[in-house]
Amino acid sequence: MRHALAVLATALIFAFPPAAPADPRLGLPIDCTLGEDCFLMNYVDRDPGPGAEDFTCGPASYDGHDGTDFALPSLAAMERGVAVLAAAPGLVRATRDGMPDLGLHGTPEDRIAGRECGNGVVIDHGDGWETQYCHLREGSISVREGDRVTAGAPLGQVGFSGMTEFPHVHLAVRHEGVVVDPFDTASERVCGSGDRSENALWNVPLGYLAGGIVAVGAFTGVPDYEAIKAGKAHMPALGPDAPALVGWVLLNNGRAGDTVTITLSAPDGSVWHRHEDVLGKKLALAMRASGRKRPADGWEPGTWTVRAVVAREGTVLGAAETEVRVGK
């Protein structure tokens, strides 16, 4: 999210100086594989006005967002423990712990005010460069002020502390107190220009991740959205008396016009149900679900398949499937 630790609570000016040879090279700040067990949620807001645009002029940001959000698919994934890593070597300048993992809506307002970053770490990389890591898990921070860390060193774990609505680590990059977009340090944006990797700070190009599928599952009805975000809405097996079979998908960075197709296939591979939905507006996170009630003659026993596909202007952004065992 957009706010700093108390030591950095002053207002920041957004500017994007050209990259120089001395600029730090950054690794991922999270121990995961993008597109598999984590995803990129929000980029730095490059729109100087009241709107929000990422570095390609796309909508994957929100007004005033001063960092990059690397997110986990569920609270259950967070509870299993995922390390937050130092993106580059440096000196730990500040830490904060003790904020509960209750998110924006579960934390009392007086505990969030001035602590929007939640539990966090700030690292000084020299020559005016620093990185900040927000929303870490309570009690997980493993470094102290004054520690020297190497690139990839664990700092703590991904959490749900501070002003956040999903478990993630917010990485902010600054040079001389000015926000820098690690995906494109050039001051001039070129809309639709792709990943601009020549101007990026990443030691391995990450590309532009325009959105896709976070998770897919099956349930006996339309699941509660909060249960999906908690990672508790998938049933790998259904009994013979299950009232319905519903496939669901959680997607990120959806745009108006994106199509979401959910297909349920019977054990013999035949398509039993298919539904396509078209998004009507931009959605940072969205859930869609579709299915059918139990057939009059009961379920065909065996392994059923739920498949979801998200497409934009005819191009598939993501496809995923899961299996559910239906017994007699």
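In which sense do E6 and E9 pair, and over how many bridges? I found the pairing to be antiparallel, over 6 bridges; I took strands as paired if DSSP finds at least two bridges between them. Strands (E, at least two residues) and helices (H or I, at least four) are DSSP runs, numbered from the N terminus.

I note that the model is predicted, that local features need pLDDT of at least 70, that side-chain atom pairs count only at pLDDT 80 or more, and that totals for chains, interfaces and linings use all residues. Residues are numbered from 1 along each chain as its sequence is written, and side-chain values use heavy atoms, with hydrogens and water left out.

**Entry 1: strand E9**

I looked up the burial of E9 (residues 168–175), with buried meaning under 20% relative accessible area, exposed over 50% and partly exposed in between (1.4 Å probe, protein chains only). Of its 8 residues, 7 are buried, so the strand is largely enclosed by the rest of the structure. I then listed its partners. E2 runs antiparallel to E9, joined by 4 bridges, and phenylalanine 70 stands opposite valine 169. On the E6 side, cysteine 134 has histidine 170 in E9 as its bridge partner. E10 is also antiparallel to E9, with 2 bridges, and histidine 175 is matched there by valine 178. E9 and E10 form a hairpin with 2 residues between them, and glutamate 176 in the turn has a positive phi of about 55 degrees.

**Entry 2: disulfides**

I searched for pairs of cysteine sulfur atoms within 2.5 Å and obtained 3 disulfides. In sequence order of the bonded cysteines, the pairing is 1-2, 3-6, 4-5.

- Cysteine 32 is joined to cysteine 38, S to S 2.0 Å; the torsion about the S-S bond is about 80 degrees, so this disulfide is right-handed. Both cysteine 32 and cysteine 38 are buried.
- Cysteine 57 is joined to cysteine 191, S to S 1.9 Å; a torsion of about -65 degrees makes this disulfide left-handed. Cysteine 57 lies in the loop between E1 and E2 and cysteine 191 in the loop between E10 and E11, so the pair ties together parts that are 134 residues apart in sequence. Cysteine 191 is exposed, at 56% relative accessibility.
- Cysteine 117 and cysteine 134 have their sulfur atoms 2.1 Å apart, and the link is left-handed with -105 degrees about the S-S bond. Cysteine 117 lies in the loop between helix H3 (109–112) and strand E5 (119–126), and cysteine 134 in strand E6. Both cysteine 117 and cysteine 134 are buried.

**Entry 3: aromatic rings**

I paired rings of Phe, Tyr and Trp (its six-membered ring) with centres within 6.5 Å, calling planes under 30 degrees apart stacked, over 60 edge-to-face and the rest tilted. The count comes to 10 aromatic pairs. Phenylalanine 55 and phenylalanine 183 have ring centres 5.5 Å apart and planes at 15 degrees, so they are stacked. They lie in separate loops, between E1 and E2 and between E10 and E11, so the pair ties together parts that are 128 residues apart in sequence. Phenylalanine 55 is buried at 0% relative accessibility, and phenylalanine 183 is buried at 1%. Phenylalanine 183 also pairs edge-to-face with tryptophan 202, at 5.3 Å centre to centre and 65 degrees between the planes. Tryptophan 202 is buried, at 5%. I recorded one aromatic cluster formed by Tyr43, Phe55, Phe70, Phe183, Trp202 and Tyr208.
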